[in-house]
Amino acid sequence: MQTHPLSGALGAEITDIDLSSISDQEFADLRDTFLDRSVIVVRNQNLNPDDHIAFAKRWGEININRLFKPTDTHPEIATVLKEPDQKLNIGGQWHTDHSYDLAPAMGSILYAVETPPAGGDTLFCSMGAAYDALSDGMKAMLRGLKAHHSSRHAFGASQTDSEANKEGRLGNEAAAKQDALHPVVIAHPITGRAALYANSDFTTHFEGWSVEESRPLLDQIEAHATTPEFTCRVTWAPGTLTMWDNRAVMHKAIKDYHGHRRLMHRITIEGDPLPAFAD
Ligand code: SIN
């Protein structure tokens with residue numbers, strides 16, 4: 001197994017590995033790379049849904065997604081689909097998967113089934129690198145904050161929205177009303193590394209602040225975190241698998257392939273409540 005960094009800040013492409021039959025040693029090496037680089041990409045795999053699930057179970061318990069359509073045969077696998085005529089795509093804004101959960105998913109494993117001839121890449125940014133680059137004053141201010149996260153606006157109205165149905169969002173009004181309060185600067189549960197934790201899709205406002213007061217600072221955090229130097233970009237082809245660490249990155253699916261279909265299979269792995277980073 002070989003490891004090739006994707007950018008200075010994060011990401012690694014792994015070659016010479018078959019994810020349908022990895023040894024314990026290969027898994028340990030993969031996990032070390034995942035914790036170090038936050039995003040791992042493995043190309044040219046030939047995984048059926050059972051292989052995908054078996055690989056996911058090596059990382060932890062699978063979160064059965066309550067807001068996305070599952071595949072017809074495997075409830076553990078959520079479909080992330082954009083049809084040729086669909087206007088919006090899942091994950092088109094910078095976000096962190098499941099930040100609206102009390103114990104957000106630790107990782108997401110996306111496997112490409114059908115990809116457009118060009119485009120449909122996914123961008124990632126390192127929230128650890130973004131935190132490190134802030135001034136001491138800004139770091140101290142953000143360490144004193146918590147923020148509310150919610151999925152109501154993204155998933156709550158999907159029963160009545162035909163575009164949302166096409167995207168594969170389930171009409172699950174009750175499940176969408178899961179809100180959570182997290183520190184704005186978290187300590188990674190395994191590595192302890194400090195990282196920003198706020199995203200434009202699901203973070204609604206800071207504790208004790210109004211939505212309107214919160215917006216400019218949330219926008220500033222996103223603009224800073226997505227500075228090109230803190231990012232990497234993943235291109236896809238059928239058989240590409242990418243796994244990312246939701247405690248360390250935000251991501252965004254680029255919508256630049258109108259007229260073509262893109263179908264991905266996603267499994268999310270359960271995580272833990274997020275501790276605040278303290279000096
Ligand atoms: C997601 O946000 O989980 C989907 C990312 C992608 O489709 O590239």
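The following legends accompany close-up views of a predicted model of one protein chain.

**Figure 1. Overall dimensions and make-up of the predicted protein chain.** The protein chain contains 8 helices and 16 strands. Its C-alpha trace extends over about 50 × 45 × 35 Å along the principal axes. The radius of gyration of the protein chain is 18 Å, which agrees with the value near 19 Å that a compact globule of 279 residues would have. Of these 279 residues, 54% count as buried.

**Figure 2. The largest cavity and its lining.** The structure holds 3 cavities of 30 Å³ or more, and the largest of them encloses about 110 Å³ of space. Its lining is formed by Val80, Ile90, Gly91, His95, Leu110, Thr122, Trp244, His251, Ala253, Arg262 and Arg266. Two or more of the lining residues are given by strand E15 (249-253) and also by strand E16 (262-269). By residue class, the lining of the largest cavity comprises 5 nonpolar, 4 polar and 2 charged residues.

**Figure 3. The second largest cavity and its lining.** About 40 Å³ of space lies in this second largest cavity. The residues that line the second largest cavity are Val80, Leu81, Lys82, Asn89, Ile90, Ala253, Tyr257 and Arg262. Strand E5 (residues 78-82) supplies the largest share of this lining, with 3 residues. The lining of the second largest cavity divides into 5 nonpolar, 1 polar and 2 charged residues. Val80, Ile90, Ala253 and Arg262 are among the residues that line the second largest cavity, and these four also appear in the lining of the largest cavity. Two other lining residues of the second largest cavity, Lys82 and Tyr257, are shown again in Figure 6.

**Figure 4. The aromatic pair of Phe27 and Trp59.** The structure holds 7 aromatic pairs. In the pair shown, the ring centres of Phe27 and Trp59 are 4.8 Å apart and the ring planes stand at 70°, so the arrangement is edge-to-face. Phe27 belongs to helix H1 (residues 24-37), whereas Trp59 belongs to the loop between helix H2 (49-57) and strand E4 (62-63), so the pair ties together parts that are 32 residues apart in sequence. Phe27 has a relative accessibility of 12% and counts as buried. Trp59 is likewise buried, at a relative accessible area of 11%. Both residues belong to a cluster in which ring pairs link Phe27, Phe34, Phe55 and Trp59.

**Figure 5. The aromatic pair of Tyr131 and Phe277.** The ring centres of Tyr131 and Phe277 lie 6.1 Å apart with the planes at 65°, so this pair is also edge-to-face. Tyr131 is placed in helix H3 (residues 127-132) and Phe277 in the segment after E16; the pair thereby links distant parts of the chain, 146 residues apart. With a relative accessibility of 4%, Tyr131 counts as buried.

**Figure 6. Lysine side chains over tyrosine rings.** Lys82 is positioned over the face of Tyr257, at a distance of 5.1 Å from the ring centre. In a second case, Lys139 lies over the face of Tyr131, at 5.3 Å from the ring centre. The ring of Tyr131 is that which pairs with the ring of Phe277.

**Figure 7. Backbone at Ser38 and His98, two residues with a positive phi.** Most residues other than glycine have a negative phi. Ser38 is not a glycine, yet its phi is positive, at about 75°. Ser38 is located in the loop between H1 and strand E3 (39-42), and at 9% relative accessibility Ser38 counts as buried. His98 is likewise not a glycine and has a positive phi, of about 65°. His98 is located in the loop between E5 and strand E6 (107-114), and at 2% relative accessibility His98 counts as buried.

**Figure 8. Pro49 and its separation from Asp272.** Pro49 is situated in helix H2. At 27% relative accessibility, Pro49 counts as partly exposed. Pro49 and Asp272 are separated by 223 residues in sequence, and their C-alpha atoms are 26 Å apart in space.

Notes: Residues numbered from 1 in each chain as written. Predicted model: local features only at pLDDT ≥ 70, side-chain atom pairs only at ≥ 80, totals over all residues. Heavy atoms only, no water. 1 Å grid on protein atoms, 1.4 Å probe; cavity = no way out; pocket = protein on both sides within 12 Å on 5 of 7 lines; lining within 4 Å. Points joined across faces, edges and corners; volume = space filled by probe spheres on them. Helix = DSSP H or I, 4+ residues; strand = E, 2+ residues; numbered from the N terminus. Nonpolar A, V, L, I, M, F, W, Y, C, P; charged D, E, K, R; others polar. Phe/Tyr/Trp six-rings, centres within 6.5 Å; stacked < 30°, edge-to-face > 60°. Buried < 20%, exposed > 50% of the residue type's maximum accessible area, 1.4 Å probe, protein only. Lys NZ or Arg CZ within 6 Å of the ring centre and 35° of its normal. Rg over C-alpha atoms; globule rule 2.2 N^0.38 Å.
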